[in-house]
Amino acid sequence: MSDPTPTIERIELHRLDVPLVRPFETSFGRETVREVLLVHVVTDAGDGWGECVAGRDPFYSGEYVDGAASVIERYLGPALLGRHGRHAATHHGAPDAAGTTVAEGPGSRGASVPLAASVASTLAFVAGHRMAKGALEAAVLDAELRAQGRSMGELFGAEREWVDCGVSVGIAPTVEELLDEVAGYIEEGYRRIKLKIKPGWDLVPVGAVREEIGPRGMLQVDANTAYTAEDIPLLARLDAFDLLLIEQPFAEEDIATHVRLAEACVTPVCLDESILDVTTAIDAIDRGATSVVNIKPGRMGGYLEALRVHDACRERDVPVWCGGMLETGVGRAANVALAALPGFTLPGDTSASARYFAEDLTEPFVLGEGEHRGQLRVPDAAGTGVTVRDDLLRDWASSARVVISR
Ligand code: SMG
Ligand code: MG
C-alpha cells in the first residue's frame, strides 16, 4: 500500500470494427458490427485498458462512440494528464480527501486505488459523458491494479469464483426464428433468457418462449424505452408469463410512469437507462419505480460508481444484476468480476464471447461445464486479468489510433 500513486504519461484511443456473429436487433435499431472504442492508459507504473460502452449511434442513450472519442480527446484526456480542465491541476497525481470518490469513509474500495479513485472528480467539470469517463476510469483502474498485482475481483469484493450467465436475445424476423435461437442458447447452458420487446413484438413472442422453455425457465424482457403510459394495460398482461422482470419500458427521464406500471403489475419493474448513478438509483427505488436494478458500469461513469449502486441496493434489499453492452473481453472481464459481488443475485447479461464474436479481442470467455454449466469464471489475474491481442487490434482498426500526451 506504500506504493506511490502512478502518474499517467499517455492516453491512446483505439477504434475497432468488430464483426458480430449475428445481427442484434432492439427496439431502437439493428447492429451487425460492434464499433468499439478502447482506451489505453500508459502510466509510469505500467499500462491498462478500458472499453467504452457507447454504441455507434446515440439511440440507447445520448452518448455515441464518435462523441465519446471526441470528448476524451478534447477535454477528458487532457484533464487527466493535468493539461487543462478546471480540476485537473489540483487533482492530477495528488488525489486527496476532497476527491468525492475517495471521501467515502473507511472500508471504501477507492482508498487503495487513489489514482482511479481521483478520476471521477478530475473529470467532473465535464457534464455527462459517463460512458467516456467510465472507459477512462476503467483503464486507470486496470493499470493501477496491475501495478499492485491485484485483480478487479479482489478490489471489488467478489465473493464467487463463477457467475451465473443469462443471454439477451434480439428481436427476430419471426417467432419461429426466435424459438430456434432461444433453443440454441438453452442448449449451450444459459441460465436465463432476456427477450428484447417493442410494440408489436411482445405478448406473442414472450408467450411462445415461455411455452418453449417451460414454467421453471428464468425469463425476462427489455423494451429499451419503446412504450408509453398508454401501454400500461398491455404491459400488465405480461404478468401471465411469470417473468423475472420488465426492463425499462418507458423513457429514461420518465420515472413516474415506471411507478405507475409497478403499481399496475405483479412483475418487478427494473430500470436500466434511467439509472445514471447512486443518487438516481436510490431515488428510483424510494419512489417505487424499480424493485430490481440493472447495473452497467459504463452507464454510471465507471466501476467505482457501480460499486456504490451495488452497495446502496444491497442495503435496501434490492436485487441487482450485471447488464451488458456487447463488450469485448476487455469490458466483459471487469463485468464478470463485478457480477461476483454478493448483491448480484440474478444472472447477468454476461454471456460468453461466442454469443457476439467469432473471435474475441482477449482470451475468450467460455461457459463452464458440469456444475459450472451456464457460468463464467471470474478472472483472478492482476487488473482485468485479460490481455488485449495486438494482432486483432491491428486487423480490426477502423482508424489510426489517437495519442493524447502531456
Ligand atoms: O452485452 O449481451 C449484451 C447486451 C445486452 O441487451 C443488452 N443490452 O438495454 O440492456 C440493454 C442492452 C443495451 C445494448 S443494445 C446495443
Ligand atoms: Mg436494457
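Q: Buried means under 20% relative accessible area, exposed over 50%, partly exposed in between (1.4 Å probe, protein chains only). Is Phe24 buried or exposed?
A: This is a predicted model: local features need pLDDT of at least 70, side-chain atom pairs need 80 or more, totals for chains, interfaces and linings use all residues, and side-chain values use heavy atoms, without hydrogens and water. Residues are numbered from 1 along each chain as its sequence is written; chains are lettered from A and ligands numbered from 1 in the order written. Phe24 has 7% relative accessibility, so Phe24 counts as buried.

Q: How is the ring pair of Phe24 and Tyr356 classed?
A: Rings of Phe, Tyr and Trp (its six-membered ring) pair with centres within 6.5 Å; planes under 30 degrees apart are stacked, over 60 edge-to-face, the rest tilted. Five aromatic pairs result. For Phe24 and Tyr356 the centres are 5.7 Å apart and the planes at 85°, so the class is edge-to-face.

Q: How many residues apart in sequence are the parts that Phe24 and Tyr356 tie together?
A: Phe24 lies in strand E1 (strands: DSSP E runs of at least two residues, numbered from the N terminus). Tyr356 sits in the loop between helix H12 (329-338; helices: H or I runs, at least four residues) and strand E12 (375-377). The separation is 332 residues.

Q: Which residue joins Phe24 and Tyr356 in a ring cluster?
A: Tyr356 is buried, at 6%. Its ring centre lies 6.1 Å from that of another buried residue, with planes at 50°, so this pair is tilted. The residue is Phe357.
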